[in-house]
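Let's take a walk through this model together. Have the sequence and the 3D view open side by side.

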Amino acid sequence: MATDTPMQLGMIGLGRMGANLVRRLTRDGHHCVVYDVNESAVRELESEGAVAAHSLGDLVTKLERPRAVWLMLPAAVVQSTLDQLTELLDPDDAVIDGGNSYYRDDITRAAQLTPHRLHYLDCGTSGGVWGLERGYCLMIGGEQEPVTRLDPIFRTIAPGAGSAEPTPSRHGDGTAPEGYLHCGPSGAGHFVKMVHNGVEYGMMAAVAEGLSIIEHADVGLRKRSADAETTPLREPEAYQYEIDVGEVAEVWRRGSVVGSWLVDLTADALARSPKLDEFTGRVSDSGEGRWTVRAAVDEGVPAAVITTALTDRFASRGLGEFADRVLSAMRSEFGGHAEKRSGR
């Protein structure tokens, strides 16, 4: 059912999420003007009903006042884009940063726009490549008035109340059951999204580590070296299980306490590739985990799981190799221990 309050929105940045946000909005009856440095991305959405813009200035002229411009850009180019927009927009226009910017930058940017009488909203957006159909969880920061004004936009992008079972003990109103929430003033939206992504790091690591333990439950069946550099397996009879990890992920999806969308996605990945041979295990981090850990330190809040998950990502990229070499060198120096070159 189409929205009963169609609005106009300018979208700058038509990557996977930006393009799908436009598609979700246009399908619900909103009108989108789109711009990206990649002309083919603009043309593709134009063929699907969006209005094409060929520059920031062109996008601004094609929007009615008060304008709403959504940035779906890498954090590194948000500031330069915002600087250009500031000179093009008019008082009472609103800019929404829907990417993964650092929340402290939002505080600075909102202050930067205040003398121009422009509104700045930070909108943490979670949903990934599945958001087009499932909807996006939105965590919003900024002034109340523009948030209220743009409610039809947020409502369309969000999953809606039917996306999850009602919380039994919840009473009262609010938009959280719809999948979007005004979290507070400037920076609050990205702060909540930052911590969300830190939690994601920990959850992903726990699932991965658990399945890895199951994958290696047959260690007692393997021949192991018998030398001074290899810890003996004292009870090999306790580790003689050849368990299908993909089937475990599948069964965990059904009725399990740890059942989740992350487990769903993992089960599907293992069904396609049981040994995940196409992956090297190099895990990137885009900043939110680091910022979450920094916030935890500043607040004096223990966050051992998130911190460990973050440092594990560093290790996956070989960033601990020099430290490992130092450890190996020290063992060689004080004990004459020979470094083992291979083996599980």
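Is Val 326 buried, partly exposed or exposed? With a relative accessible area of 34%, Val 326 is partly exposed. Keep in mind that this is a predicted model. You'll find Val 326 in helix α14, which runs over residues 321–335. A nonpolar patch on the surface takes in Val 326 along with Phe 322, Leu 327, Met 330 and Phe 334, and it amounts to about 560 Å². Residues need over 30% relative accessible area to join such a patch, so Val 326, at 34%, clears that cut-off.

Now turn to helix α4, residues 75–86. Its 12 residues reach 17 Å from the first C-alpha to the last, close to the 16 Å expected at 1.5 Å a residue. Which residues of α4 are buried? They are Val 78, Thr 81, Leu 82, Leu 85 and Thr 86. These residues cover an arc of only 130° around the axis, so they sit on the same side of α4. As for what lies over them, the cover includes the strands β1 (8–12), β4 (68–71), β5 (94–97) and β6 (119–126), and the helices α3 (56–61) and α5 (103–113).

Some of the elements around α4 also lead to backbone details worth a look. In the loop between α3 and β4 sits Pro 66, and the peptide bond that joins Arg 65 to Pro 66 is cis, with omega near -10°. Go on to the loop between α5 and β6 and you meet Arg 117. Arg 117 is not a glycine, yet its phi is positive, at about 60°. Arg 117 counts as exposed, because its relative accessibility is 59% and exposed means over 50%.

Leu 276 gives another case of positive phi in a residue other than glycine, here near 50°. Look for Leu 276 in the loop between α11 (261–272) and α12 (288–299). With a relative accessible area of 31%, Leu 276 is partly exposed.

One last stop is Val 245, in helix α10 (residues 245–252). Is Val 245 buried or exposed? Its relative accessible area is 9%, so Val 245 is buried. What does Val 245 touch, leaving aside residues up to four places away in sequence? The contacts are Leu 211, Ile 214, Glu 215 and Leu 270. You can also trace the distance from Val 245 to Ala 267: they are 22 residues apart in sequence, and their C-alpha atoms are 8.9 Å apart in space.

How values were computed. Residues are numbered from 1 along each chain as its sequence is written. This is a predicted model: local features need pLDDT of at least 70, side-chain atom pairs count only at pLDDT 80 or more; totals for chains, interfaces and linings use all residues. Side-chain values use heavy atoms; hydrogens and water are left out. Patches are made of residues with over 30% relative accessible area and no salt bridge: like charges are joined within 9 Å, nonpolar side chains (Val, Leu, Ile, Met, Phe, Trp, Tyr) within 5 Å. Accessible areas come from the Shrake-Rupley method with a 1.4 Å probe; for residues, only the protein chains shown count as cover. A salt bridge is a side-chain nitrogen of Lys or Arg within 4 Å of a carboxyl oxygen of Asp or Glu. Helices (H or I, at least four residues) and strands (E, at least two) are DSSP runs, numbered from the N terminus. Buried means under 20% relative accessible area, exposed over 50%, partly exposed in between (1.4 Å probe, protein chains only). The expected span of a helix is 1.5 Å times one less than its number of residues. The arc is that of the directions from the helix axis to the C-beta atoms. Contact means heavy atoms within 4.5 Å.
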